[in-house]
Amino acid sequence: MDEARERVPLGNRRLFGTGDLDEARELVARVFCPHRLELAGEVSRLAARFNSAQLGGVRMNYLDYGTDVRIEPGELESFFLVQIPLAGRSLIRCGGQEIVSTSRLASLPSPSEHLDMRWEAGCPQLIVKFDRTAVEGALELMLGERLDRPIVFDLGMDMTAGWARAWRSMADLIIGEAEHGDGLAVQPLAIAHLENAMLTSLLTMQPSNYRARLNAPRPPAVPKVVRRAMEFIDGHAHQPLTTDDVARAVAVSGRSLQEGFRRHLGLTPMTYLRDVRLGRVHEELVTGDPARCTVTGVAARWGFLHQGRFAAAYRARYGQTPSHTLRGR
């Protein structure tokens with residue numbers, strides 16, 4: 001199929017297209033890390049394509065070699081990857097684990113383990129890259145303690161599971177915004193919200209050597225700590241906050257803060273943050289000029305990504321639609 005007519009992710013964020021093996025290896029290494037790259041098929045002709053976009057702390061990538069290849073990065077060291085074949089299959093070995101990855105089973109290699117892969121021809125992959133420091137920092141805040149060993153995920157990520165389908169939807173939303181370039185891509189609060197949600201889902205839902213500790217009961221934060229957390233949220237609602245950011249500000253673990261909010265307020269820290277931001281949206285709409293201000297723009301600036309859910313929550317709280325507020329009705 002003609003590449004100009006073929007619809008591939010991040011088509012407007014192309015880094016290269018090449019048939020030269022050395023060029024492909026060098027340019028891919030600039031985004032990821034130095035690695036071994038070899039043609040593996042009996043009749044091999046490289047037709048590599050690489051599209052990539054950095055939004056906030058997450059990097060979205062589309063990579064297709066167009067033929068059978070062996071890729072051996074060794075230890076990734078500084079980053080985590082979620083690799084989702086869009087078609088075909090690949091053999092992934094990482095540490096002592098091995099899987100055949102397909103569109104139904106993504107791979108999540110851990111950076112402290114040796115990685116060796118064989119991608120078949122016709123196996124383009126969507127690759128989501130997170131910095132290792134971001135993943136480990138989020139985990140430390142959730143645990144309320146320093147890590148005593150590297151985190152190692154189960155290599156296979158079941159993309160048919162409900163949480164993984166939701167995770168993929170968030171990844172697709174970021175990709176779509178990177179392709180348009182004028183929506184959430186220029187709203188750092190919204191992108192940070194998605195990135196944090198993706199990290200939290202991975203850490204809590206994908207099996208790892210820390211999952212049991214994450215699920216262990218934690219004592220709830222006391223009322224005065226909850227009040228301090230509420231004050232912190234009130235003063236920083238314009239920033240890309242997570243539960244762990246708030247927990248760090250009040251010197252408790254994320255799990256303790258969650259339980260404290262649930263016990264004393266009957267909601268989560270992020271629900272409270274949403275309510276505060278909803279109030280800020282209302283304030284802007286009340287004073288906004290309809291000729292210069294849009295509901296979509298104000299909502300996105302305050303981190304509301306789904307217009308339908310935003311509008312429903314707004315109407316439930318204020319008894320009118322956001323557009324009616326903006327028009328002064």
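**Exercise 1. The hairpin turn**

Look at the hairpin of strand 7 and strand 8: which glycine takes a positive phi there?

*Solution.* Keep in mind that this is a predicted model.
- Start with the turn itself: the hairpin has 2 residues between strand 7 and strand 8.
- Check the backbone angles there, and you'll find glycine 95 with a positive phi near 60°.
- Now step out into the strands, where cysteine 94 stands opposite glutamine 97 in strand 8.
- Finally, count the bridges: 5 of them join strand 7 to strand 8, and the two run antiparallel.

**Exercise 2. Building the sheet**

Work out the order of the strands in the open sheet of 5 strands, and find which strands are at its edges.

*Solution.*
- Begin with strand 7 (residues 90–94), which has 5 bridges to strand 10 (residues 114–119), running antiparallel to it.
- To pin down the register, take leucine 91: its bridge partner in strand 10 is arginine 118.
- Strand 7 is also joined to strand 8, again in antiparallel fashion.
- Put the whole thing together and the order reads 2-5-10-7-8, with antiparallel pairing.
- The edges are strand 2 (36–39) and strand 8 (97–101), each of which pairs on one side only.
- From one strand to the next, the twist averages 10°.

As a reminder, strands of a sheet pair through backbone hydrogen bonds, either parallel or antiparallel.

**Exercise 3. What is sealed inside**

How many cavities of 30 Å³ or more does the structure hold, and what lines the largest one?

*Solution.*
- The count comes to 2 cavities.
- Take the largest cavity, with about 120 Å³ of space.
- It has 15 lining residues, and those nearest its centre are Val28, Phe32, Ile71, Pro73 and Met117.
- Sort the lining by element: strand 5 (69–75), strand 6 (79–85) and strand 10 each supply at least two residues, and strand 10 gives the most, with 3.
- Sort the lining of the largest cavity by character and you get 13 nonpolar, 2 polar and no charged residues.
- Now the second largest cavity, with about 30 Å³ of space.
- Its lining is made up of Phe80, Leu81, Val82, Leu108, Phe130, Val135, Phe153 and Leu202.
- Strand 6 gives the most to the second largest cavity, with 3 residues.
- The lining of the second largest cavity is 8 nonpolar residues, with no polar and no charged ones.

**Exercise 4. The largest pocket**

Describe the largest pocket: its volume, its centre and the elements around it.

*Solution.*
- The space in the largest pocket comes to about 970 Å³.
- Of its 33 lining residues, Met170, His193, Ala197, Met270 and Leu305 are the closest to the centre.
- Next, the elements: those giving two or more residues are helix 3 (162–180), helix 4 (188–205), helix 5 (211–215), helix 7 (243–249), helix 8 (254–265), helix 9 (269–287) and helix 11.
- Helix 4 gives the most, with 7 residues.
- By character, the lining of the largest pocket splits into 14 nonpolar, 14 polar and 5 charged residues.

**Exercise 5. The second largest pocket**

Which helix supplies the largest share of the lining of the second largest pocket?

*Solution.*
- This pocket has about 180 Å³ of space.
- List the lining: Ala134, Gly137, Ala138, Leu141, Asn196, Leu199, Thr200, Thr242, Asp244, Asp245 and Arg248.
- Three candidates, helix 2 (132–143), helix 4 and helix 7, each supply at least two of these residues.
- Helix 2 comes out ahead, with 4 residues.
- The lining of the second largest pocket divides into 4 nonpolar, 4 polar and 3 charged residues.

**Exercise 6. A helix and its end**

Compare the reach of helix 11 with the expected value, then check what follows the helix.

*Solution.*
- Helix 11 covers residues 307–318, which is 12 residues.
- From first C-alpha to last, helix 11 reaches 16 Å, close to the 16 Å expected at 1.5 Å a residue.
- Just after helix 11 comes glycine 319, with a positive phi of about 70°.

**Exercise 7. A salt bridge between strands**

Which aspartate forms a salt bridge with arginine 49, and where in the chain does each partner sit?

*Solution.*
- A search of the whole structure turns up 20 salt bridges.
- In one of them, arginine 49 pairs with aspartate 64, with the closest N and O atoms 3.5 Å apart.
- Arginine 49 is in strand 3 (residues 48–55) and aspartate 64 in strand 4 (residues 58–64), so to speak a link across 15 residues of chain.

Notes: Residues numbered from 1 in each chain as written. Predicted model: local features only at pLDDT ≥ 70, side-chain atom pairs only at ≥ 80, totals over all residues. Heavy atoms only, no water. Expected span 1.5 Å × (residues − 1). Pairing = 2+ DSSP bridges. Axes fitted to C-alpha atoms, helices over the stretch in contact; angles between N-to-C directions. 1 Å grid on protein atoms, 1.4 Å probe; cavity = no way out; pocket = protein on both sides within 12 Å on 5 of 7 lines; lining within 4 Å. Points joined across faces, edges and corners; volume = space filled by probe spheres on them. Nonpolar A, V, L, I, M, F, W, Y, C, P; charged D, E, K, R; others polar. Salt bridge = Lys/Arg side-chain N within 4 Å of Asp/Glu carboxyl O.
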